[in-house]
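User: Please go through this structure with me. I would like the reasoning behind each label, not just the label.

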Amino acid sequence: GNFEMLFFGTGDREHPKESVIINRLYAVKDKNISSTITENDLVDVTSDLLQDPNTPDIQKTSILNELETKNGWYIKLDENAGEKSLSNPVVFYGVVYFTTFSPTFGSETDICFVGEGTSRLYALKYQTGNAVFNLDLTNDINGTVISKSDRSTLIGSAIPSGVIITFIKGLAVAYVGVGGGVYTPPLQNTKSIVPINWRIIF
């Protein structure tokens with residue numbers, strides 16, 4: 001379509017132990033409209049019905065039509081208490097990468113105590129919010145299965161950085177700083193941008 005897309009997650013970095021609010025990951029089409037966009041204008045893809053084999057084809061078609069006509073999608077981070085997005089996402093080769101943090105609840109009276117917590121990486125198709133990679137090997141009973149649980153994977157402890165993509169000798173490499181170490185996310189493609197040349201004829 002003739003528009004750009006904005007990707008962002010919600011979460012209060014000043015209150016990383018907060019656990020009541022259900023945060024979200026958003027993908028919003030920037031169509032330069034004059035009215036305010038609300039969640040009613042987006043598709044709730046939290047359940048990932050498109051990758052559920054039990055979803056009827058007619059329902060999948062309806063969801064795809066909604067994704068085409070509405071102004072984007074969102075995912076509720078409702079499976080881990082206090083999970084929140086505290087870093088900027090990045091898009092590379094059609095995959096949007098988010099990192100999130102879920103706190104470990106220890107001494108509630110110590111405002112500085114966060115605990116190690118858990119860090120997750122989300123790798124999603126930018127148009128639909130579907131899982132891209134086979135990140136959950138526990139559901140692969142008969143071969144490779146890509147489903148809702150493959151959207152994210154645990155990558156360590158503490159608050160993670162966002163995904164940083166760089167190029168080394170012409171090949172893309174991704175990094176996430178987490179828990180005093182580095183996690184390397186999978187990439188859909190490692191090629192660098194191909195330059196396009198042209199000439200002007202007078």
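**Labels and the values behind them**

Analyst: This is a predicted model. The mean pLDDT of the protein is 89, and 91% of its residues reach 70 or more.

User: Where among the elements is confidence lowest, and where is it highest?

Analyst: Confidence is lowest in strand S9, residues 164–168, with a mean of 92, and highest in S4, at 98. Where pLDDT is low, predicted coordinates should not be read in detail.

User: What elements does the protein have, and in what order do they run?

Analyst: There is one helix, and there are 11 strands. From the N terminus, the order is β-β-β-α-β-β-β-β-β-β-β-β. The C-alpha atoms fill a box of roughly 70 × 50 × 45 Å along the principal axes.

User: How much of the protein counts as buried, and what share of the contacts joins residues 24 or more positions apart?

Analyst: Of the 202 residues, 37% count as buried. Among contacts with a separation of 6 or more, 59% are between residues 24 or more positions apart. The accessible surface is about 12100 Å², and carbon and sulfur atoms hold 54% of that surface.

User: How many charged side chains of each sign are there?

Analyst: The protein has 16 positive and 22 negative side chains, and the centres of the two sets are 8 Å apart.

User: What makes a set of residues a nonpolar core?

Analyst: Its members must be buried residues of the nonpolar kinds, joined through side-chain atoms within 4.5 Å. The largest such set here has 16 residues, and those with the most contacts inside it are Phe7, Leu25, Leu67, Trp73, Phe98 and Leu124. At least two residues of this core come from each of strand S1 (4–9), strand S2 (24–30), helix H1 (57–69), strand S4 (72–76), strand S6 (95–102) and strand S7 (118–125). Another core lies apart from it, with 15 residues, including Leu121, Leu135, Ile155 and Val176.

User: Which residues does Phe7 touch, leaving out those up to four places away in sequence?

Analyst: Phe7 touches Tyr26, Ala27, Trp73, Pro89, Val91, Val96, Phe98 and Tyr126.

User: Why is Glu83 called buried?

Analyst: Its relative accessible area is 1%. The label requires a value under 20%, so Glu83 is buried. Glu83 lies in the loop between S4 and strand S5 (90–92). Not counting residues up to four places away in sequence, Glu83 touches Asn23, Leu77, Thr100, Phe101, Ser102, Arg120 and Tyr122. The C-alpha atoms of Glu83 and Leu171 are 32 Å apart, with their positions 88 residues apart along the chain.

User: Why does Leu187 get the label buried?

Analyst: Leu187 has a relative accessible area of 17%. That is under 20%, so Leu187 is buried. Its place is in the segment after strand S11 (181–183). With residues up to four places away in sequence left out, Leu187 touches Phe92, Tyr97, Phe133, Ile165, Ala172, Val173 and Ala174. Leu187 and Tyr97 are 90 residues apart along the chain, and their C-alpha atoms are separated by 9.9 Å.

User: How do you know whether Asp52 is buried, partly exposed or exposed?

Analyst: Asp52 has 25% relative accessibility. Buried ends at 20% and exposed begins over 50%, so Asp52 is partly exposed. Asp52 lies in the loop between S3 and H1. Its C-alpha atom is separated by 21 Å from that of Asn80, 28 residues apart along the chain.

User: What is notable about the phi of Asn32?

Analyst: Phi of Asn32 is positive, about 55°, although Asn32 is not a glycine. Most residues other than glycine have a negative phi. Asn32 is found in the loop between S2 and strand S3 (43–44). Its relative accessibility is 72%, which is over 50%, so Asn32 counts as exposed.

User: What is the phi of Ala158, and why is Ala158 called partly exposed?

Analyst: Phi of Ala158 is near 70°, a positive value in a residue other than glycine. Ala158 is in the loop between strand S8 (152–156) and S9. At 27% relative accessibility, Ala158 is in between the 20% and 50% limits, and therefore counts as partly exposed.

Note on methods. Residues are numbered from 1 along each chain as its sequence is written. This is a predicted model: local features need pLDDT of at least 70, side-chain atom pairs count only at pLDDT 80 or more; totals for chains, interfaces and linings use all residues. Side-chain values use heavy atoms; hydrogens and water are left out. Helices (H or I, at least four residues) and strands (E, at least two) are DSSP runs, numbered from the N terminus. Buried means under 20% relative accessible area, exposed over 50%, partly exposed in between (1.4 Å probe, protein chains only). Contact means heavy atoms within 4.5 Å. Accessible areas come from the Shrake-Rupley method with a 1.4 Å probe; for residues, only the protein chains shown count as cover. Lys and Arg count as positive and Asp and Glu as negative; His and the chain ends are not counted. The place of a charge is taken as NZ of Lys, CZ of Arg, CG of Asp or CD of Glu. pLDDT is the predictor's confidence in each residue, from 0 to 100.
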